[in-house]
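Here is a short tour of one protein chain, written to be read with the viewer open. Please have a look at the fold before reading on.

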Amino acid sequence: QVQLVESGGGLVQPGGSLRLSCAASGLPFRLYVMGWYRQAPGKQRDLVAKVSTGGLTNLVDSVKGRFTISRDNAKNTIDLQMNSLKPEDTGVYYCNALRIRLAGGSDEYWGQGTQVTVSS
């Protein structure tokens, strides 16, 4: 059974920092592109950052220079270091695992989400 378990969310003041972690189990972690998505109240779930199987990272423009995503294939974990947080970073953050099969199709899994609130 695949599990993605997020941790590290909370309430932080603008300008503060948080570090989110996602622990994966039940899947060949190194074969999956791992990512963080954010869903703000009343909005759709959007990509924030992702890291490829080879460690290449991709962050959306709104978080570049503030957020860093990393993966540890030995521990089956990914982290999202969030600095200089803004109120617009508020939302539920979801861990995502995606593998595109060479023969076609894909496998995708989601964590349960962790709340991040940036407010004074």
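The report below goes from the overall fold to the strands, the disulfide and the salt bridges.

## Overall fold

Please keep in mind that this is a predicted model. The protein has zero helices and eleven strands, so if you read the elements from the N terminus on, you get β-β-β-β-β-β-β-β-β-β-β. The radius of gyration is 14 Å, close to the 14 Å that the globule rule gives for 120 residues, so the protein is as compact as a globular protein of that length. Taken along the principal axes, the box filled by the C-alpha atoms is roughly 50 × 25 × 25 Å.

Of the 120 residues, 36% are buried. The accessible surface comes to about 6500 Å², and carbon and sulfur atoms hold 48% of that area. Among contacts with a separation of 6 or more, 56% are between residues 24 or more positions apart.

## Strand S3 and its partners

Strand S3 covers residues 18-25 and is a good place to start looking at the pairing. Strand S1 (residues 3-7) runs antiparallel to S3, and five bridges join the two. S3 also pairs with S8 in the antiparallel sense, over six bridges.

Ala 23 makes a handy landmark here: Val 5 stands opposite Ala 23, and Ala 23 in turn stands opposite Thr 77 in S8. Next to that spot, Cys 22 stands opposite Ile 78 in S8.

In a regular strand the side chains alternate between the two faces of the sheet. Now follow the side chains along S3: Leu 18, Leu 20, Cys 22 and Ala 24 make up the covered face, while Arg 19, Ser 21, Ala 23 and Ser 25 make up the uncovered one.

## The S7-S8 hairpin

S8 has another antiparallel pairing, with S7, again over six bridges. Asp 72 has Thr 77 in S8 as its bridge partner, and Thr 77 is also the residue opposite Ala 23. Four residues lie between the two strands of this hairpin, and Asn 76 takes a positive phi near 55°.

## The disulfide

Which cysteines form a disulfide? A search of the whole structure turns up one such link: Cys 22 and Cys 95, with sulfur atoms 2.1 Å apart. The torsion about the S-S bond is -80°, and the link is left-handed.

Cys 22 lies in S3 and Cys 95 in S9, so this disulfide ties together parts that are 73 residues apart in sequence. Both ends fall under the 20% cut-off for buried residues: Cys 22 has a relative accessible area of 1%, and Cys 95 has 0%. Cys 22 also belongs to the covered face of S3.

## Salt bridges and the Asp 89 network

The count of salt bridges comes to six. Two of them share Asp 89: the side chain of Asp 89 meets Arg 38 at 3.2 Å, N to O, and Arg 66 at 2.8 Å, N to O. Together, Arg 38, Arg 66 and Asp 89 are linked in a network of salt bridges.

Where do the members of this network sit along the chain? Arg 38 is in strand S4 (residues 33-39), and Asp 89 is in the loop between S8 (77-82) and S9 (91-100), 51 residues apart. Arg 66 is in the loop between S6 (57-59) and S7 (67-72), 23 residues from Asp 89.

Are these charged residues buried or exposed? Arg 38 and Asp 89 are buried, and Arg 66 is buried as well. For Arg 66 the relative accessibility is 10%, and the residue therefore counts as buried. Leaving out residues up to four places away in sequence, Arg 66 touches Gln 81, Met 82, Asn 83, Ser 84, Leu 85, Lys 86 and Asp 89.

Another salt bridge joins the side chains of Lys 64 and Asp 61, at 3.1 Å, N to O. Here the setting of the acid is exposed: Asp 61 has a relative accessibility of 63%, whereas Asp 89 is buried.

Conventions
Residues numbered from 1 in each chain as written. Predicted model: local features only at pLDDT ≥ 70, side-chain atom pairs only at ≥ 80, totals over all residues. Heavy atoms only, no water. Salt bridge = Lys/Arg side-chain N within 4 Å of Asp/Glu carboxyl O. Buried < 20%, exposed > 50% of the residue type's maximum accessible area, 1.4 Å probe, protein only. Disulfide = S-S within 2.5 Å. Rg over C-alpha atoms; globule rule 2.2 N^0.38 Å. Contact = heavy atoms within 4.5 Å. Areas by Shrake-Rupley, 256 points an atom, 1.4 Å probe, with all protein chains shown as cover. Pairing = 2+ DSSP bridges.
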